[in-house]
Amino acid sequence: MSERIKKEDVARRLATRMDTDEATATAWVDGVIETLYEAFKAGESVTLPGFGGFFVRPEPKSWVFKFNPGQRLRALFGWSSTYTGKL
């Protein structure tokens with residue numbers, strides 16, 4: 001099984017990519033997570049081009065939550081994909 005990274009690792013990588021400090025990157029990660037949570041709580045689905053779509057649907061006694069990976073992720077994992085760019 002592959003290694004799992006934690007939020008702190010994501011923030012550190014984001015800080016490096018965005019050429020900023022880890023506190024700022026952590027604030028961005030938290031902001032994105034909270035924004036997604038609020039959208040799902042409101043029954044909204046979210047699409048992130050290049051990454052995929054998150055779909056929610058309230059059912060009588062529960063919620064349905066699905067992730068539909070984007071073409072780039074499909075190509076990365078060897079699933080059927082039309083993506084031809086850099087992985």
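Let me start with the aromatic residues: in this predicted model, Phe-40, Phe-51, Phe-54, Phe-65 and Phe-67 form one aromatic cluster. A search of the whole structure finds 7 aromatic pairs, and one of them, which I would like to go through in detail, is formed by Phe-51 and Phe-67, with 5.6 Å from centre to centre and 45 degrees between the planes, a tilted arrangement. This pair links distant parts of the chain, since Phe-51 sits in the loop between β1 and β2 while Phe-67 belongs to strand β3, 16 residues apart. As for solvent exposure, Phe-51 has a relative accessible area of 38% and is therefore partly exposed, and Phe-67, at 35% relative accessibility, also counts as partly exposed. A further pair is made by Phe-77 and Trp-79, whose ring centres are 5.1 Å apart and whose planes meet at 35 degrees, so this pair is tilted as well. Trp-79 counts as partly exposed because its relative accessibility is 43%.

Now to the sheet, which carries several of these rings. What is the order of its strands? It is an open sheet of 3 strands, arranged β1-β2-β3 with antiparallel pairing, and the edge strands, each pairing on one side only, are β1, residues 46-48, and β3, residues 63-69. Neighbouring strands are turned against each other by 10 degrees on average, with direction ignored. Strands of a sheet pair, in general, through backbone hydrogen bonds, either parallel or antiparallel. Here, 3 bridges join β1 to β2, and 7 bridges join β2 to β3, the latter two strands forming a hairpin with 4 residues between them.

Phe-54 is a useful residue for following the pairing across the sheet, as Val-46 has Phe-54 as its bridge partner in β2, and Phe-54 in turn has Phe-67 as its bridge partner in β3.

Phe-54 and Val-46 also bring us to the nonpolar core. Which residues make up the largest one? There are 5 of them, namely Ala-39, Phe-40, Val-46, Phe-54 and Val-56, and the elements that give two or more residues to this core are helix α2, residues 22-41, and strand β2, residues 52-58. If we leave aside the neighbours within four places in sequence, Phe-40 is in contact with Val-46, Phe-54 and Val-56, and also with Trp-63 and Phe-65. Phe-40 thus appears both in this core and in the aromatic cluster I began with.

Let me turn to two residues outside that core list. Thr-24 is found in helix α2, and with a relative accessible area of 30% Thr-24 is partly exposed, because that value lies between the limits of 20% and 50%. Thr-24 and Leu-14 are 10 residues apart in sequence, and their C-alpha atoms are 9.5 Å apart in space.

The second residue is Leu-87, which is found in the segment after α3, the helix of residues 71-76. Is Leu-87 buried or exposed? At 56% relative accessibility, Leu-87 counts as exposed, because the threshold for that class is over 50%. Even so, leaving aside neighbours within four places in sequence, Leu-87 is in contact with Arg-72, Ala-75 and Leu-76. For one of these partners, Ala-75, which is 12 residues away along the chain, the C-alpha atoms are separated by 7.9 Å.

Technical notes:
Residues numbered from 1 in each chain as written. Predicted model: local features only at pLDDT ≥ 70, side-chain atom pairs only at ≥ 80, totals over all residues. Heavy atoms only, no water. Core = buried A, V, L, I, M, F, W, Y, C linked by side-chain atoms within 4.5 Å. Buried < 20%, exposed > 50% of the residue type's maximum accessible area, 1.4 Å probe, protein only. Contact = heavy atoms within 4.5 Å. Pairing = 2+ DSSP bridges. Axes fitted to C-alpha atoms, helices over the stretch in contact; angles between N-to-C directions. Phe/Tyr/Trp six-rings, centres within 6.5 Å; stacked < 30°, edge-to-face > 60°.
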